[in-house]
Amino acid sequence: MESLSQLSARRLALAAQGFTDRPHARPTLATLERTLARTGVLQVDSVNVLARAHYMPLYSRMGPYDQDLLRQASRATSPGRPRRMVEYWAHVQAFMPVELWPVMAHRREYYRAQRGKWGFTADPSLEPRVLAAVTERGPVTARDLEAEFADGPRSKEHWGWNWSSARKVLDYLFLVGEVAIAGRTSQFEVIYDLPERVLPAEVLALPIPSNAEADVELVRRAARSHGVGTVRCLADYYRMSIADTAAAVASLVEAGELEPVRIQGWNKPAYLHIGAARPRKVRARSLLSPFDPVVWERARAEALFDFRYRIEIYVPPEKRVHGYYVLPFLLGDSIVARVDLKADRATGRLLVKGAYAEDGAPAETADELAAELQRLAGWLGLGEVVVHLRGDLASALAAASDVAGVRG
């Protein structure tokens, strides 16, 4: 059995995620499709303190790009240019390539058997009426149907889950595939419609794989996106059970698509995708979203990069260690720093609310991070980078950015 060093495994993982792909001066829709093929999915999240979660991984790999490319890929622009991505519960709520729709059929059936995902049950008597309303009027938001299907005043308990009856039913219908997500409003509300009006006809005509076949396909894609990983790494990518993942891994090893390997310092066996690139060097310089696949699985990020990472969005402010929306900074093949960022759109400024160097960060970290922050600000349409003097890297970053540091 082959043995890989931590560094080799890290470079494999970064190459699999697209960080060694040739950059394009002006990314195109083909560039986006290539990048999506690397990441497999793009997590969707409502937090917009910097940029929506699904936009950032593309930026991290492609550099500044026209955000309308993602909008083009996630809708049908003409009969000859069908939708390339659709939202579903892939990793979590995420954009995935449209061809994964039939592969997710077993997940939709699981949610049907469970009557949803969230522990509350939508009113079954409303389902045919809500579906009929979508059929007749779609595309629609839950707000469009809220008054018609209200069953009394909405509870003010359980912040974040205080959904209307229409929203509960629409979410259930989405989970089981009776409706699909056609898009989102400017306020990030989900727009629902029938699958046949959202997905290409040729995708809906594809055969439905068996559960075991679907598991193998998802693990195959996870392995391609990871390059190398343990069963737990592969299971997390599409949120599968360990047992189902292990069975799929065994099938792929037998088929010669995965190869068992040891990674130095890891206490569990790993599996190498047979087509994984093995770069000798990675020349990345990127800020990674908290929802980037490179750092999704925290134990994996720590094992690969010696980087302990936790999202502190839901931590009370006084208890946060690094900040509200903290992005790891990837330089070369290492995560060398982290920064707490906020896009202050009203004043046109990118606020660096905290900057922290990792152990062993190279001397050029502040300069490289300053350049990356300027590039990010330009992509976001912000004219100024403002560094708050919080964190052990902040003063050096302010000097490298040639800006006055701000206390606090």
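Mentor: Glad you're here! Before we start: helices are DSSP runs of H or I with at least four residues, numbered from the N terminus. Keep in mind as well that this is a predicted model.

Trainee: Thanks! Where does Pro 139 lie?

Mentor: Start with its peptide bond, which links Gly 138 to Pro 139 in the cis form, with omega about 0°. Helix 6 covers 127–137 and helix 7 covers 142–146. Pro 139 therefore falls outside both runs as these are defined, and its place is the loop between helix 6 and helix 7.

Trainee: Phe 188 caught my eye too. Is Phe 188 buried or exposed?

Mentor: Good residue to pick: Phe 188 is not a glycine, yet its phi is positive, about 75°. It sits in the loop between strand 5 (180–184) and strand 6 (190–193). Its relative accessibility is 14%, and buried means under 20%. So Phe 188 counts as buried.

Trainee: And Asp 306, is that buried or exposed?

Mentor: Asp 306 also has a positive phi without being a glycine, near 55°. Its loop runs between helix 14 (298–305) and strand 11 (326–332). The relative accessible area of Asp 306 is 56%, and the exposed class begins over 50%. Asp 306 is therefore exposed.

Trainee: Let's turn to the sheet. Which strands stand at the edges of the open sheet in the order 2-4-3?

Mentor: The sheet has 3 strands, with antiparallel pairing. An edge strand has a single partner, so one of its sides is left without a neighbour in the sheet. That is the case for strand 2 (42–43) and strand 3 (85–89).

Trainee: What is the bridge partner of Leu 42 in strand 4?

Mentor: Strand 4 spans residues 93–97 and runs antiparallel to strand 2. There are 2 bridges joining these strands. In strand 4, Leu 42 is bridged to Phe 95.

Trainee: Now the interior. Which helix gives the largest share of the largest nonpolar core?

Mentor: This core holds 56 residues, and Met 96, Val 130, Leu 145 and Tyr 238 touch the most other members. The largest share of the core is 7 residues, in the stretch 165–175. That stretch is helix 8.

Trainee: How many residues are in the second, separate core?

Mentor: First, a word on Tyr 238 from the largest core: beyond its neighbours within four places in sequence, its contacts include Gly 40, His 91, Met 104 and Arg 221. The second core is separate, with Ala 53, Phe 95, Val 385 and Leu 393 among its members. Phe 95 is also the partner of Leu 42 that we met in strand 4. The size of this second core is 51 residues.

Definitions and conventions:
Residues are numbered from 1 along each chain as its sequence is written. This is a predicted model: local features need pLDDT of at least 70, side-chain atom pairs count only at pLDDT 80 or more; totals for chains, interfaces and linings use all residues. Side-chain values use heavy atoms; hydrogens and water are left out. A nonpolar core is a set of buried Ala, Val, Leu, Ile, Met, Phe, Trp, Tyr and Cys residues joined through side-chain atoms within 4.5 Å. Buried means under 20% relative accessible area, exposed over 50%, partly exposed in between (1.4 Å probe, protein chains only). Contact means heavy atoms within 4.5 Å. Two strands pair if DSSP finds at least two bridges between them.
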